Amino acid sequence: MPPVQIELRPEGAPEGREIRRVTGEIQGAREGRGAGRVALEVWNAVMIIVLSGAFVAGVATVLQDAVPAEDAAEGGLLLGPVPAGLLLAVAAGALLSLAGRLGPVGVPGGGSAWWLPMPVGRRGLLRPTVLAWPAVGAATGLVLGAIVVILLEVPDGVSVPLGWAALGAGIFSLVVALALLAQHQGRGTGGLRVARLGEGIMLLAVGVVALLALTGAGSAVADLAWPGLGLVWLAVPCVLGAVGMTVVAERRSAELDGAALRAQGSVMYRAQAALLSLDLRELSRTLTTTSLASSSARTRRRGSLRLNPGGPRRAVVLADLVLLARTPRSIGQLAVAVVLGAGAAGIALLSSGVPLYLTWVATGFWAAGTAAAGARHADLVPAVDRLLPLSTRSVRVVRGVVPLVAATLWSVVTLGSQALRTGDPTWLLLALAWAPALAAAAMRSAYRPPAKWSRAVVATPMGSVPPTGGFFQGLDVATVATLPTAVALLLGGLAPVVVGIQGAMTVIVVAVLIGVAGRKPQS
Amino acid sequence: MAAQPKTPDLVHAKGLAVGYGADTVCPPVDLRLRAGQVLAVIGPNGAGKSTVLRAVLGLLEPLGGTLEVLGREVDERSVDFRARVAGVLDDDAWFPGLTAREHLLLTAAGHGVRNTSTVVDAILETFGLTDHQHGVPSAMSSGQRRRLLLAAAFVRPRDLLVLDEPEARLDTSMRHALAELIREEAAGGTAVLLATHDPVLLTALGAEAVHVGATRCTRLSTAKAVATMSRD
């Protein structure tokens with residue numbers, strides 16, 4: 001590579017912002033920054049916004065077309081500003097949790113090893129990161145606020161979406177600014193506290209949404225008038241609060257210690273890679289196991305299990321069950337997936353047809369996947385399984401037992417509630433076919449290729465990430481194996497023959513997956 | 001025998017307890033290290049050597065006891081601390097797009113080194129990286145990347161040098177060169193604290209060592225430390 005000149009102030013150690021600038025200039029020179037590069041990035045940003053907008057508008061139109069107006073009015077389905085506010089609360093809680101667990105300020109990759117040991121002011125190094133967070137929060141809230149209104153049947157005119165967009169921007173920027181300030185409390189514990197607060201808000205709001213959907217109480221609040229531009233007056237103090245908190249956090253950023261910045265930077269890097277590869281379980285694992293505050297896990301003592309002799313298969317199943325039981329987050333996710341699956345039919349835009357099918361696939365796959373952590377660990381660290389006197393195929397089949405239990409729970413509750421709602425017990429029979437299909441999908445997902453951290457990183461518009469494989473591995477099986485149910489939902493009724501076809505489809509998919517289990521991929 | 005001049009300890013730890021969360025990983029450690037001295041921390045894998053070094057570098061809060069570096073309680077957020085204390089841990093992170101030479105130039109410039117090009121050229125030569133200076137670290141071998149990390153510690157000013165298993169991934173000739181470099185460091189007045197598993201390096205340095213055992217930590221002479229390493 002041709003050498004690049006590094007020029008800093010001649011006298012003494014430079015400022016943090018100078019170091020950041022020089023590093024950026026060298027990287028820019030390597031990556032071909034300049035007018036052409038800037039134009040390309042602007043073009044990319046415009047395309048992303050246009051495509052995202054078109055996608056959201058298209059989905060909203062399809063969903064709204066899928067729900068007949070009379071159904072929405074009389075079926076106890078969720079409409080109006082109350083569910084919209086709850087959905088916004090769910091999103092704000094999720095953002096608070098994410099920001100708290102990510103730091104939100106961290107220094108990933110090269111910065112942690114090469115910038116942080118320098119005797120330069122950290123305020124200058126960290127300023128762009130500190131300021132970027134509330135800005136990103138506000139932009140996210142702006143878009144989500146409008147989307148929520150559009151999804152829950154927008155009234156005529158633009159004042160309502162505009163008002164909700166302003167409210168979203170205000171709340172989301174405030175939430176992120178709160179996480180910024182909390183980072184200064186304790187060594188990583190402040191961030192963890194606001195993350196838990198965010199998770200509490202999220203779970204509470206999800207619970208209320210599910211309650212409205214399951215009890216049909218949504219109709220009581222469906223006729224409330226949508227507040228419009230008046231919401232801007234609620235947004236103004238939120239934005240002012242966010243600005244104030246961000247200014248304080250920025251001024252105090254020099255007090256952030258290197259260990260925390262390194263740890264949060266590492267979490268951020270891995271979370272970014274997991275998000276870009278749509279690996280939500282890896283994202284969850286990253287956010288819950290690698291933050292600074294959880295470093296005590298290294299030395300935490302666990303109670304010993306009393307294991308009765310029963311062979312390697314029993315040991316594997318027991319180990320997976322123990323792992324699930326020792327991960328309250330997974331149990332919580334399983335419960336949420338079950339509630340969402342069962343409650344989907346009570347939400348206006350998800351109550352029938354393709355939207356209901358996609359919700360079932362997503363929540364069912366999620367439920368089975370949360371119970372497949374043992375299989376995922378076994379794939380990433382295969383040494384323990386190699387000690388077992390079992391073939392690779394047998395181990396994989398046995399590792400599927402716990403996901404099967406979780407999938408059965410989800411299938412019985414979700415399809416049972418559909419049977420109750422429609423008065424057709426045939427829906428419950430479908431659980432027999434859905435549970436093995438979902439378990440097989442979860443196993444395929446668990447044994448997907450891991451992210452290749454040792455390989456050269458891949459440049460993306462959201463930063464450099466390691467190459468990874470198997471973006472949709474598992475979800476493909478869940479979708480294909482349950483297609484007969486999709487047809488039934490599209491046609492609006494479940495004939496007994498569909499149950500038979502669904503059963504046959506599941507048997508075929510599971511048999512194929514067991515047949516190929518343990519085979520080495522051809523190079 | 002002439003009395004040794006009284007110099008303040010650069011590292012002074014008494015009953016230092018280190019670990020994660022509330023749990024310690026090793027028995028309490030006593031450390032005393034003056035300018036121009038080399039002190040090794042030895043012990044089996046998982047004994048807690050690296051954790052002790054992380055505490056000295058301010059990357060981990062002590063759980064108990066006292067720890068002073070440069071005559072003050074450790075505060076890694078202090079610019080003065082970072083200017084005087086250099087550390088090489090097992091980090092393997094790089095700026096994508098920056099060459100080996102540019103990483104060193106950036107480090108030297110960040111520490112206010114004058115004539116950065118000349119200084120960096122000399123360090124590249126010392127660590128056998130001249131031929132690879134225009135390559136990015138991700139394209140280098142793990143041993144070459146280790147050399148680059150060590151070079152970064154030597155390209156900047158320091159009063160205290162903390163090295164975590166510096167011999168790891170280095171070939172024999174580089175290990176010998178490293179021993180010579182560390183001896184020169186000490187002769188120049190720098191205090192060197194290193195964790196090591198290499199009895200040859202320890203012997204070449206003639207350094208005393210603190211053995212981190214399962215139940216207690218003991219300060220040993222070079223000969224006793226080498227003998228202890230063979231039993232660990």
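In the predicted model, B:Ala209 stands opposite B:Leu220 of strand S12 in chain B. This pair belongs to the antiparallel arrangement of strand S11 (residues 208–212) and strand S12 (residues 217–220) of chain B, which are joined by four bridges, and the connection from S11(B) to S12(B) is a hairpin that passes through four residues.

Both strands are part of an open sheet of six strands in chain B, ordered S8-S9-S10-S5-S11-S12, in which the pairing is mixed. The edges of this sheet are formed by strand S8 (85–88) and by S12 of chain B, each of which pairs on one side only, and neighbouring strands are turned against each other by 15 degrees on average, when direction is ignored. At the S8 edge, S8(B) pairs with strand S9 (residues 160–164) of chain B in the parallel sense over four bridges, and B:Ala86 is placed opposite B:Leu161 of S9(B). Helix H6 (residues 172–187) of chain B lies across strand S5 (38–42), S9 and strand S10 (191–195) of chain B, and its direction makes an angle of about 145 degrees with S10(B).

A further open sheet in chain B consists of four strands in the order S4-S1-S6-S7, with antiparallel pairing. Its edge strands, each pairing on one side only, are strand S4 (29–34) and strand S7 (72–73) of chain B. Strand S1 (residues 9–17) of chain B is paired with S4(B) in the antiparallel sense over five bridges, with B:Leu16 opposite B:Val29 of S4(B).

For chain B, an unreviewed UniProt entry lists residues 11–230 under "domain: ABC transporter". In the model this span is 37% helix and 24% strand, and its end C-alpha atoms lie 27 Å apart.

In chain A, the axes of helix H15 (residues 353–370) and helix H19 (residues 401–422) come within 7 Å and cross at roughly 145 degrees, and the crossing of H15(A) and H19(A) is right-handed. On the side of H15(A), the contact is made by A:Trp360, A:Thr363, A:Gly364, A:Ala367, A:Ala368 and A:Thr370, whereas H19(A) contributes A:Pro403, A:Ala406, A:Ala407, A:Trp410, A:Ser411 and A:Thr414. The residues of this contact divide into seven nonpolar and five polar, with no charged residue among them.

As regards confidence, chain B has an average pLDDT of 92, and 97% of its residues score at least 70. For the complex, the predictor gives an ipTM of 0.91 and a pTM of 0.73.

Definitions and conventions. Residues numbered from 1 in each chain as written. Chains lettered and ligands numbered in written order. Predicted model: local features only at pLDDT ≥ 70, side-chain atom pairs only at ≥ 80, totals over all residues. Axes fitted to C-alpha atoms, helices over the stretch in contact; angles between N-to-C directions. Helix = DSSP H or I, 4+ residues; strand = E, 2+ residues; numbered from the N terminus. Left-handed = near helix turned anticlockwise from the far one by under 90°. Contact = placed C-beta atoms within 7 Å. Nonpolar A, V, L, I, M, F, W, Y, C, P; charged D, E, K, R; others polar. pLDDT = per-residue confidence, 0-100. Pairing = 2+ DSSP bridges. UniProt positions renumbered as here; feature names shortened; annotations may be inferred.
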